[in-house]
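Hi,

Here is the structure I said I would pass on. Have a look at it, and then read on for what turned up in it.

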Amino acid sequence: MDADVGAWEPSARLGDEHTRTLDAAATHNDRLVVGEDAEVRLREIVNAGAQGWTGFFEDRSSDRLIAWLRVLTLAEASVAGCDVGAKSPVIVLARMLRERGDYPAELTAWIKSVSSNRFLPYGSLMDRLKD
């Protein structure tokens, strides 16, 4: 019997190369222009999950988190594999910024203007009811 079994690969550990990718992409403002290597890193970030994001995001400045939120919002629409709906890191970033009192008033309107993800920036209603 010949069974085709896939290998389990743990989520990417987010590190310096991911930080550099987000910082470099952040300079492009409302248009995301990145190469193939950056696309790979962005997919790793998006798919790292809540455990990966929490430690990676929590000690960063609010200005940096806002810039990264913008990059990740744009990545959802333009980088294959980054459209994760209610599992978006943008939701985590927005929540962190609101908890700090640093969420810019105009950011929600910007997110809505560039994204078709109906869950941004607040997440799904079911997830919010769990909190």
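Let me start with a pair you can pick out quickly: the side chains of E44 and R41 meet in a salt bridge, 3.2 Å from N to O. These two sit three residues apart in helix 2, so about one helical turn separates them. As a reminder, an α-helix has 3.6 residues a turn, so residues three or four places apart point the same way. Both ends of the bridge are partly exposed: E44 has a relative accessibility of 22%, and R41 has a relative accessible area of 27%.

Before going further, please keep in mind that this is a predicted model. The mean pLDDT of the protein is 88, with 86% of the residues at 70 or more. Where is the confidence lowest, and where is it highest? The low point is helix 7 (residues 125–130), with a mean of 65, and the high point is helix 5 (residues 89–100), with 97.

Now the overall layout. The protein has seven helices and zero strands, so if you read from the N terminus the elements go α-α-α-α-α-α-α. Of the 131 residues, 40% are buried. If you take the contacts between residues at least 6 apart in sequence, 73% of them join residues at least 24 apart.

**The core**

The largest nonpolar core holds 34 residues, and the ones with the most contacts inside it are L22, L32, L42, F57, L69, L72 and I111. Which helices supply at least two residues of this core each? They are helix 1 (16–25), helix 2 (36–46), helix 3 (49–57), helix 4 (62–78), helix 5 and helix 6 (107–114). Helix 4 gives the most, with eight residues.

L42 is a good residue to click on here. Leaving out residues up to four places away in sequence, L42 touches T21, L22, L32, V34, V71, L72, A75, V79 and C82.

One of those partners, A75, deserves a look as well. A75 lies in helix 4 and is buried, with a relative accessible area of 0%. Apart from neighbours within four places in sequence, A75 is in contact with L32, L42 and C82. You can also try the distance from A75 to E39: the two are 36 residues apart in sequence, and their C-alpha atoms are 8.4 Å apart in space.

**Helix 1 and its two sides**

Helix 1 has buried residues H18, T19, T21, L22 and A25. Why do they count as being on the same side of the helix? They cover an arc of only 160° around the axis, and that places them on the same side of helix 1. On the other side of helix 1 you will find D16 and R20, which are exposed. As for what covers the buried residues of helix 1, the list includes helix 2, helix 3 and helix 4.

**The other salt bridge**

There are two salt bridges in the structure. You have already met E44 with R41; the other one joins R64 to D23, with the closest N and O atoms 2.4 Å apart. This pair links distant parts of the chain, since R64 is in helix 4 and D23 is in helix 1, 41 residues apart. Are these two residues buried, exposed or partly exposed? R64 counts as partly exposed at 29% relative accessibility, and D23 is partly exposed too, with a relative accessible area of 28%.

**Aromatic rings**

The structure holds three aromatic pairs. One of them is F56 with F57, a tilted pair at 5.7 Å centre to centre and 50° between the planes. Both rings belong to buried residues: F56 has a relative accessible area of 6%, and F57 has 0%. F56 also pairs with W68; their ring centres are 5.4 Å apart and their planes are at 15°, so this pair is stacked. F56 is in helix 3 and W68 is in helix 4, 12 residues apart, and the pair links distant parts of the chain. W68 is buried, as is F56. Together, F56, F57 and W68 form one aromatic cluster.

That is what I have for now. Happy browsing!

Definitions and conventions
Residues numbered from 1 in each chain as written. Predicted model: local features only at pLDDT ≥ 70, side-chain atom pairs only at ≥ 80, totals over all residues. Heavy atoms only, no water. pLDDT = per-residue confidence, 0-100. Helix = DSSP H or I, 4+ residues; strand = E, 2+ residues; numbered from the N terminus. Core = buried A, V, L, I, M, F, W, Y, C linked by side-chain atoms within 4.5 Å. Buried < 20%, exposed > 50% of the residue type's maximum accessible area, 1.4 Å probe, protein only. Contact = heavy atoms within 4.5 Å. Salt bridge = Lys/Arg side-chain N within 4 Å of Asp/Glu carboxyl O. Arc of directions from axis to C-beta. Phe/Tyr/Trp six-rings, centres within 6.5 Å; stacked < 30°, edge-to-face > 60°.
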